[in-house]
Amino acid sequence: MADSFAFDLVAPERRLASFPAKAVQIPGAEGDFTALPDHMPLISSLRPGIVEAEGADGTRAFVVIQGFAEITPEGVTIIAERAFPREEIGRAEIEALLKEAQEKAETCPPEEKDVADKLVADIAHLLEMMV
Amino acid sequence: MPSLKDLKNRIESVKSTRKITKAMQMVAAAKLRRAQEAAEAARPYAESMGAVLGNLARAARDSESAPRLLKGTGSDQTHLLVVMTAERGLCGGFNSSIVRLAKSRIEDLKAAGKTVKILTVGRKGREQLKREYGDLFVGHVDLSGLKNVGYDNAETIAREVLERFDAGEFDVATLFFNRFRSVISQIPTARQIIPAVVEEEEGAAAEAPRFYEYEPDEEEILARLLPQAVTSQIFSALLENAASEQGARMSAMDSATRNAGEMIDKLTILYNRSRQAAITKELIEIISGAEAL
């Protein structure tokens, strides 16, 4: 078994990371999981959370807000709707995102209410983790 | 023959025009670099999105329950053309080449008996199309006063398009924009975004499709991925367009500056000739006056 595989993290406006990783921790929609090399092919949607990639020179963390992860035996590609390196984002930014999500949850049509509420809860949870 | 004073004024005015076009060219060059960088930075996202969507779509395409964004509505009667142009002019053939492509598509569709609807992004395209096809307009997205296009702008346009699709207002949506190849070459392009076009991959990937596990399930992921893919395509079109606009403006202003320079040279020669002619004329008058005495 290979001991590292390709890790890519892309956001609409730029590529945030691309390096070989030993393990990647992913906040999947149905729970966190860690992908190791030779993982079975999997596509998961993401909830707001922290992606941690263990590379050759230490672990790097990123905050992602929604998106998808495509996992193949050869690598992990995370397509995030919004993503920031962990060190570049503070509580204030996440609080702003939380507020935005709350406003959206209040104004959206009833059939989307559940999804919007879950987003609010997830971002609030993320905020707790940031301390 | 214009008087010396007229010529002098003319030269001055061409000179100030040249200064303006030169300044615009330099501004465009600076903006072009930024726009080009933005377009390149956004490429990995679009590519990854395309790849994931391609894998999913190939697997899901034949199933009964495939979403309408992927499979289409089963008809191609009503077409929505999303025409993306610049907010400002003075950029050579940039706007008119997109409009020309859109017009020929409109005529083709009309001849085939289809219904055409137009959504414009950018003021210039709306102005040019409004004269002939004002009755086909369904909307306009205003991006004026915006310095750099962001992902939010793409989301706004995508939401507008998707809402109309969900309301059953059209069957097929096509984007019109200029693809940026180089400073001197921008290619007017039409790209269908709804239903999603899946590029057939050649080689190994096509032979052995991957079977993925899905979390949560396939349908839910597709339902979220497809609108995002539409947004991503609109975003990359916006960025390509922005880079093309600056490129077109830069080369247009470059040739305007050069033309102004040539005109100044010609006018200066004309000015000197008339000045010399006037002096010669005065001399002749004096000499012949002296001889007559």
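## Where the two chains join strands

In this predicted model, A:Leu42 has B:Glu213 as its bridge partner in β6(B). That pair is a good place to start looking, since β4(A) and strand β6 of chain B, residues 213-215, are joined by three bridges. The two strands run parallel.

## The wider contact between chains A and B

Now step back to the whole contact. On one side are 22 residues of chain A, and on the other are 21 residues of chain B. Which elements of chain A give two or more residues to the side that touches chain B? They are β1 (5-10), β2, β4 (42-46), β6 (58-72) and β7 (75-85). The most comes from β4(A), which gives four residues, and β4(A) is also the strand bridged to β6(B).

By class, the side of chain A that touches chain B has 10 nonpolar, five polar and seven charged residues.

## Inside chain A: two domains and a hairpin

The domain assignment splits chain A into domain 1, covering 5-87, and domain 2, covering 90-129. Taken over C-alpha atoms, the centres of these two domains of chain A are 21 Å apart. Five residues from domain 1 of chain A and five residues from domain 2 of chain A make the contact. On the side of domain 1 of chain A that touches domain 2 of chain A, three residues are nonpolar, one is polar and one is charged.

For a closer view of chain A, follow strand β2 (residues 15-28) into strand β3 (residues 31-35): the two pair in the antiparallel sense, over five bridges. Two residues form the link in the hairpin that joins β2(A) to β3(A). To find your bearings, look for A:Ile26, which stands opposite A:Phe33 in β3(A).

## Inside chain B: a helix crossing

Two packed helices are described by the angle between their axes and the distance between the axes. In chain B, helix α5 (residues 151-166) and helix α7 (residues 218-292) have axes that come within 8 Å and cross at roughly 125 degrees. The helices α5(B) and α7(B) are therefore oblique to each other, and their crossing is right-handed.

Which residues make this contact? From α5(B) they are B:Tyr151, B:Asn153, B:Ala154, B:Glu155, B:Ile157, B:Ala158, B:Val161 and B:Leu162. From α7(B) they are B:Pro227, B:Val230, B:Thr231, B:Ile234, B:Phe235 and B:Leu238. Sorted by class, the residues of the contact of α5(B) with α7(B) are 11 nonpolar, two polar and one charged.

Methods:
Residues numbered from 1 in each chain as written. Chains lettered and ligands numbered in written order. Predicted model: local features only at pLDDT ≥ 70, side-chain atom pairs only at ≥ 80, totals over all residues. Domains from an automatic or database assignment. Contact = placed C-beta atoms within 7 Å. Nonpolar A, V, L, I, M, F, W, Y, C, P; charged D, E, K, R; others polar. Pairing = 2+ DSSP bridges. Axes fitted to C-alpha atoms, helices over the stretch in contact; angles between N-to-C directions. Parallel < 35°, antiparallel > 145°, perpendicular 65-115°, else oblique. Left-handed = near helix turned anticlockwise from the far one by under 90°.
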